[in-house]
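Welcome! Have a look at the model below, and then let us walk through it together.

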Amino acid sequence: MNRRTALLALSLAGCGGNWSNNDIAYATAVPRRFLLQVPTIYERGADAGGGMILGQPSAARAAAATAALRYNALLTYLLSPLDVAVNPPTSRTTTSRIWGPFDDANNPGSQFWVDVSSDLADANAPLTWTLKTRGTSGTTWTAGSGTFQPSASAAFGTGSMDFALASVRPLDAGTYSEVQSLRLSYELAPDSHSALSMVESDPGGDSGWSPSGYGLFVRADNAIRWRFSAPYGDVASAQFEVGMLPTGAGVAVLSDPASATRIAVACWNQDGTVSYHAEGSDAGSGAVCPLIPSATN
Amino acid sequence: MLASYREISLLGNSYVRPFNLLVKLGLVGFALARTATAQTSQAPAVPDSLAAPAAVVEIAPTGLMTPQGRYWSLAAHGSDRAVFAPPTEKGGLLNATPIVGVSGILHNLIVRRIGLEIDGHYAWGSGQVTSSRIDQLSYDMNAFEVGVALLYEYTSGAPLVPFVGVRAAFATLRRTFNTTTYLAPQQSLTTFPVGAFVGLKYCFTPKIAIAARARVHYLAIGADGVAGVWTADFGGYFEYAFGASP
């Protein structure tokens, strides 16, 4: 085939562009970051301090916002590379799509890429993805991996992911150096989404990450239920069950996981000031406070 | 200089004075003009060319070696484009769309009744992509096409003019998804549709006509295991001829 014939054949067959339904199907393997993060409106009041007296800024709300801010920042750090899937894939095979390699702006000389594979012919086959990085030495690490099992309604389903920060530490030693790994599972439903995650930090280190992990449930109206553990009073790791509404009002039920006893119930108004506070095992259930979105509504 | 000398010599004068030369040139020009007028008046009542007066020769179907002028016409098109493939709602890649366009047609190109058409078209639409992995992902799309076609008109001078032709085009398509659920980038496709068409034109006057036309094209895609799809345009156009004899 001479050059002119090849060009003609290329013109007739070939087309340029990225017109593909399957590209989008492969991209469903990669979760949208905002679906796994606490909605940013609930970061308001983080690190603001506060108290327990009526009319004062609520300390419970500040603790919830601080935990959300920190958790969101970690997920932004880990999941940002997956955002490349918002672009057309770089290369395709019959069972995979690859985005990248791209230069890592935070680590000059390094590159990363996202590889998604699945047998789309099987409607029930899960999608799997890996996030790989390559340093200046040419060594390649798997920074993260995950799976997504779509439900009958396609875009929704359940997924999980693992990030092994320790493995990429030679590449990016300075960021989240105390974090060993993040394991996260999530469920996307038409009217809500939820995520459970566990941050493993260096043994014995005072990392400040929730020892019991994080639980997030987001209702369609953006009301959330937010679970984490943090120091409270004499309790080194109090369990916070927080319900927050987009209006700004919220409630926190605090308990001691070691003794399985209730520590306190705290509520706050739309402006973040304390509207109710009671301590002790008979502190109530928070029914006096704004509606708490439960995991079932 | 040699050529000039010979031309002058043909006028039959070895010694040419400027005044005599002008007179003789005028006489020759007048004679040529009369001859051309006589030939034109003997030709059938078919449109003459304003843009390109060069004569062409008919070779079919009557075999008459009739001088015939070229002329241009402009047409405004409107069609519905059907796709012979599953729609995007059933996992397909393209949906039916309306399509509009304009074209310029050079009639009597080289031989009578053969025309060259150059066109530009715009198509638009919206729909949803649904597949085993995608659920009701809505999108808006548009497409631009420029094409060139060769057409043959079966009759000339009659009110009804059947015609057929072949066409090749350059097309660029774009679709934008409306979603917060999916990571769905804007998608585009550049391709080269090739096809054929058949139609029937009705001439109200030699200058004004309407036509019904059906076109089929093969549109190469090369994605998702689909090499390409066949499309069909059903529509019509309004045509105005420049320079056609009334």
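Two residues are said to be in contact if their C-beta atoms, placed from the backbone, lie within 7 Å. Keep in mind that this is a predicted model.

With that cut-off in hand, start at A:Phe240. Leaving out residues up to four places away in sequence, A:Phe240 touches A:Ala63, A:Ala64, A:Arg227, A:Phe228, A:Ser229, A:Ala230, A:Ala252 and A:Leu254. A:Phe240 also belongs to the largest nonpolar core, which has 98 residues. Within this core, the residues that touch the most other members are A:Val30, A:Ala64, A:Val114, A:Ile224, A:Trp226, A:Phe240 and A:Ala252. Helix 4 of chain A, residues 59–79, is the element that gives the most to the core, with 13 residues. As general background, nonpolar side chains in soluble globular proteins tend to be buried together.

Next, let us turn to strand pairing. Here are three antiparallel pairs, with their bridges.

| Strand | Partner strand | Bridges |
|---|---|---|
| strand 9 of chain A (residues 192–201) | strand 10 of chain A (residues 214–219) | six bridges |
| strand 10 of chain A | strand 11 of chain A (residues 224–232) | four bridges |
| strand 1 of chain A (residues 16–17) | strand 8 of chain B | two bridges |

Strand 10 of chain A is thus joined to strand 9 of chain A and to strand 11 of chain A. In strand 10, A:Leu216 has A:Ala195 opposite it, while A:Phe217 stands opposite A:Arg225 of strand 11. Strands 10 and 11 of chain A form a hairpin with four residues between the strands, and there A:Asn222 takes a positive phi near 75°.

The pair that links the two chains places A:Gly16 opposite B:Thr190 in strand 8 of chain B. How many residues of each chain are in contact with the other chain? There are 26 in chain B and 28 in chain A. On the chain B side, strand 8 (187–191) and strand 10 (208–223) each supply at least two residues. Strand 8 of chain B gives the most to that side, with five residues. By type, the residues on this side of chain B divide into 14 nonpolar, nine polar and three charged.

Finally, here is chain B as a whole. Its secondary structure comes to two helices and 11 strands, and from the N terminus on, the two helices precede the strands. Of the 246 residues in chain B, 30% are buried. Among contacts in chain B with a separation of 6 or more, 55% join residues 24 or more positions apart.

Conventions:
Residues numbered from 1 in each chain as written. Chains lettered and ligands numbered in written order. Predicted model: local features only at pLDDT ≥ 70, side-chain atom pairs only at ≥ 80, totals over all residues. Nonpolar A, V, L, I, M, F, W, Y, C, P; charged D, E, K, R; others polar. Pairing = 2+ DSSP bridges. Core = buried A, V, L, I, M, F, W, Y, C linked by C-beta atoms within 7 Å. Buried ≥ 20, exposed ≤ 12 C-beta atoms within 10 Å, placed from the backbone.
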